[in-house]
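User: Could you take a close look at the sheet in this structure for me? I would like to know how its strands are arranged and what lies around them.

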Amino acid sequence: MKNLNGFLDFFIPRFCPACNTKLQPDEDSVCSKCFSTIQIADEDRLNIEYQRKFASSGIISGFTSLFVFEKDKALQSLIHSIKYNKRFLNAKFLGRKITGNLGEQLKEWNIDFICAVPLHQLRSAERGFNQSNYIAKGIGKMLNIPVKNGFLKRSRYTETQTNLTLKEREVNISNAFKAKHKKKIKDNTFLLVDDVITTGATIRECGKALLDAGATKVYACSAAIAD
């Protein structure tokens with residue numbers, strides 16, 4: 001991979017999305033210096049976040065995330081490079097990092113299918129892609145688990161969650177997802193994948209739709225967790 005990157009970089013140089021320095025052949029998607037500043041979500045943090053966001057609803061059976069999202073830091077630049085600059089390889093890089101660090105836990109969940117949190121058709125048309133789907137593909141490829149995004153549909157267009165309060169997010173996203181192909185969902189275990197989980201409202205609604213359609217269990221995973 002290093003030799004291949006070195007060859008390709010000669011013709012199409014790669015740059016770190018956080019600091020814009022040229023990447024070295026042995027660097028993948030983000031430079032080593034910037035990557036070292038990204039905060040890892042430790043076990044205590046994840047336990048607290050699960051209790052805050054998911055435990056009381058009984059919808060999500062388990063949750064994990066690799067990083068802590070920090071505004072105006074390297075990870076935000078990396079995620080924005082995917083969402084706004086179509087750097088799809090950076091999403092697959094996050095998927096590989098998630099699996100490399102959390103793969104054993106994901107395997108313990110005995111997942112049958114992976115689903116990315118879907119975008120509404122209008123937003124998908126605006127953006128042209130779903131960044132979470134590329135992260136999901138990175139995870140699925142390494143774990144040899146099929147990624148099936150046809151099982152969930154965003155049935156109504158919702159206001160962006162970014163500037164909403166916790167209560168407003170819950171109301172905004174309530175009943176926004178519907179399950180499809182219910183016969184294939186029934187008696188299977190699912191992993192929901194998103195780029196950043198903030199309140200968990202979107203994940204809970206997706207999980208509810210899958211459980212209502214007959215899924216056995218639903219787990220969740222993200223590249224980052226945010227307050």
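Analyst: Happy to help; what follows walks through the sheet strand by strand, then turns to the cavity and two of the helices. Please keep in mind that this is a predicted model.

Let's start with the overall layout. The sheet is open and built from four strands, which line up as β1-β6-β5-β2 with parallel pairing. β1 (62–68) and β2 (113–116) are the edge strands: each has a single partner strand, so one side of each is left without a neighbour in the sheet. From one strand to the next, the twist averages 20°.

Now for the middle of that order. Strand β5 (residues 189–197) and strand β6 (residues 217–225) run parallel and are joined by eight bridges. If you would like to find this pairing on screen, look for V193, which sits opposite C221 in β6, and for D194, which faces S222 in β6. In general, side chains in a regular strand alternate between the two faces of the sheet. β6 is mostly covered, with eight of its nine residues buried.

On its other pairing, β6 meets β1 through six bridges, again in the parallel sense. Here V68 stands opposite I225 in β6. Moving on along the chain, F69 lies in the loop between β1 and α4 (74–85). The relative accessibility of F69 is 22%, so this residue counts as partly exposed; the cut-off for buried is under 20%. F69 also makes a handy landmark: its C-alpha atom is 9.0 Å from that of I197, although the two are 128 residues apart along the chain.

V68 brings us to the cavity, too. Rolling a probe the size of a water molecule over the atoms shows where empty space is left. In this structure there is one cavity of 30 Å³ or more, and the largest cavity has a volume of about 40 Å³. Its lining consists of T37, I38, Q39, V68, E70, K73, A74 and L75. Sorted by class, that lining has four nonpolar, two polar and two charged residues. Among the lining residues, Q39 is found in the loop between α2 (32–35) and α3 (43–53). With a relative accessibility of 36%, Q39 counts as partly exposed. The C-alpha atoms of Q39 and K73 are separated by 10.0 Å, and these residues are 34 apart along the chain.

Next come the two helices. Helix α10 (residues 201–212) has twelve residues, and its first and last C-alpha atoms are 16 Å apart, close to the 16 Å expected at 1.5 Å a residue. This helix is mostly covered, with nine of its twelve residues buried; R204, E205 and C206 are among them. Just after α10, G214 adopts a positive phi of about 110°.

Helix α7 (residues 131–143) makes a nice companion for inspection. Its 13 residues should span 18 Å at 1.5 Å a residue, and the end C-alpha atoms are 19 Å apart, which agrees. α7 is mostly covered as well, since ten of its 13 residues are buried. The buried residues of α7 include Q131, N133, Y134 and L143.

If you want a short route through the model, begin at V68, opposite I225 in β6, and then follow V68 to the cavity that it helps to line.

How values were computed
Residues numbered from 1 in each chain as written. Predicted model: local features only at pLDDT ≥ 70, side-chain atom pairs only at ≥ 80, totals over all residues. Heavy atoms only, no water. Expected span 1.5 Å × (residues − 1). Buried < 20%, exposed > 50% of the residue type's maximum accessible area, 1.4 Å probe, protein only. 1 Å grid on protein atoms, 1.4 Å probe; cavity = no way out; pocket = protein on both sides within 12 Å on 5 of 7 lines; lining within 4 Å. Points joined across faces, edges and corners; volume = space filled by probe spheres on them. Nonpolar A, V, L, I, M, F, W, Y, C, P; charged D, E, K, R; others polar. Pairing = 2+ DSSP bridges. Axes fitted to C-alpha atoms, helices over the stretch in contact; angles between N-to-C directions.
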